[in-house]
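Q: I am new to this structure and would like a close look at one part of it. Could you take me through the salt bridges, with attention to where the paired side chains lie?

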Amino acid sequence: MKKAGYYSSGVFARMADVTLRTIRYYDKQDILKPSYVSEAGARFYTDRDFARLQQILLLKYLGFSLEDIREMLIDDTDYHFMLNSLNIQLKLVQDRIEQMQHVEEAIRDTSAAIRKDHTIDWNQMLNLIHLTGMEKSLKNQYQNASNISARIHLHHLYSQNEKGWFPWIYEQMEVCAGMKILEIGCGDGTLWMENIDRIPQNVDIMLSDLSEGMLRDARRAVGADDHRFSFQVADCHRLPCEEGSFDLVIANHVLFYCEDIRKVCGEILRVLKPGGRFVCSAYGRNHMREVSALVKGFDDRIVLSADRLYERFGMENGADILSGYFAGCEWRRYEDCLVVPKPEPLISYVLSCHGNQGQYITERYKEFRAYVKRKTDRGFRITKEAGVFVCKF
C-alpha cells in the first residue's frame, strides 16, 4: 500500500528524469537508499531523497566517481543545510569552470607552439596533465568547505551571544584607517564578509591561506575588485612578506593546526612592525564538551578528534607560548553557549569533525538521528569556551 508523501521507484525516476535502472543502481551502490521498503519489497522515495539525488547527479556531472560521491554527500535536508549545500556546490562548479578555462588556455598554447615551432613544449604538456588531474583537489576542497560550513552554521543558528563570533573578533582587532593587515589561514573569508561595512576604505589587507581552494572562495566572497584586499597562497611557517610589513596580524583558530607553533610565532613577529599587534583565537578544554559526551553515549568507540588541539595551543597554555615572543599577551573571553533545539545541524557538526565517527554513525544514521532528536527536543546546551589572545610587539 502506498504511503502518503512517498513515491514508487518508477514515479520517482520519472519525476527526476532518470531511468529506473539508475535508481536501482544507486540503491545497490548504497548512495541512494529508499526511505521505505514494503513487506513485498517495493521501494518508495520521498522529497528528502530528491535532495540527495540532486547532489549525486551534480557531482557525477562534475566528473566525480561514485566512491568519491559517497564520501562527499551531505545527508541533511533541513532548509538551512540545503542552502549551505547548494552554496558549496556552486563554489565547486565555479572551481570546475576556472579549471576548464585553464585547460582550454593550456591546449591553445600547446597547439600554437606546435604550429609555430613544429615541436612539442613538454612543460606545457605536463601542465595540461596536472590541470586535468585536479579532481582529488576539488573533492578535498568540497569536503573542507562542507565541514567548515557545518561548524559555522551551528554557531550562527544557536549561539546565545547576539553579537556573533566574527563581529566580536573584529572589535578585538581594533582596525583603523591606514593599517596594513595580514590574516593567516583566512579560510573562506567569513571574518571579513561579516564585517565588510565596518572596514575602512584606506586599509591594506592581505588574506593568506595554505589552500588555493579556500583562497579562491575568499576572493569570490570578498570580491576581486575590492581594492582593500590582496590574496596570497602562503605557508605561515614561511611567510612571503618583508620584515616589519604589518600593523596587525590575525590568526583565527589556526595556531593549533600548525606543525611548529613556535616557528610560526617567530614568523609573525618578523613581519610585524614595532608596536604592531597579533590577535589569535583559541579555545579551552571545556569547549563543546557536551558534543563529545553525546556521541560517546551513542557509541563509546567514537572519538571526534584524535588530537586535543587545545593541548597544543589553547586558552590554558597559549599565554605561556606567546609570551616568549610578544609582550602584554591578554586573554579576552567570548561569553557564549549554544542551545540546539533540533538534531540536523548538530548531526552535521558531528560528521564534520576529524575523527572516526563516520564508521560508527553512517550505517546507523536513522538510529543516531533518533537518539540526537531525543537529546535536542528540550534544547541541548553546549558549552563554548573560546576567545582571543591580544599580543603586542
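A: A useful place to start is Arg238, which is exposed, with a relative accessible area of 54%, a value that lies over the 50% cut-off for that class. The model is a predicted one, and in it the side chain of Arg238 meets that of Asp235 in a salt bridge, with 2.9 Å from N to O. Asp235, for its part, counts as partly exposed at 21% relative accessibility, so this bridge joins an exposed residue to a partly exposed one.

The pair formed by Arg228 and Asp226 has another setting. Their side chains meet in a salt bridge at 2.8 Å, again taken from N to O; Arg228 is buried at 5% relative accessibility, and Asp226 is also buried, its relative accessible area being 14%.

A third pair, Arg332 and Glu330, is held in a salt bridge with an N to O distance of 3.4 Å. Here Arg332 counts as buried because its relative accessibility is 19% and the class takes in values under 20%, whereas Glu330, at 40%, is partly exposed.

Side chains of opposite charge can pair when their charged atoms come close. Such contacts can also be joined to one another, as with Asp27, Asp30, Lys33 and Arg43, which are linked in a network of salt bridges. Taken over the whole structure, the number of salt bridges is 23, and the pairs described here are among them.

Key:
Residues numbered from 1 in each chain as written. Predicted model: local features only at pLDDT ≥ 70, side-chain atom pairs only at ≥ 80, totals over all residues. Heavy atoms only, no water. Salt bridge = Lys/Arg side-chain N within 4 Å of Asp/Glu carboxyl O. Buried < 20%, exposed > 50% of the residue type's maximum accessible area, 1.4 Å probe, protein only.
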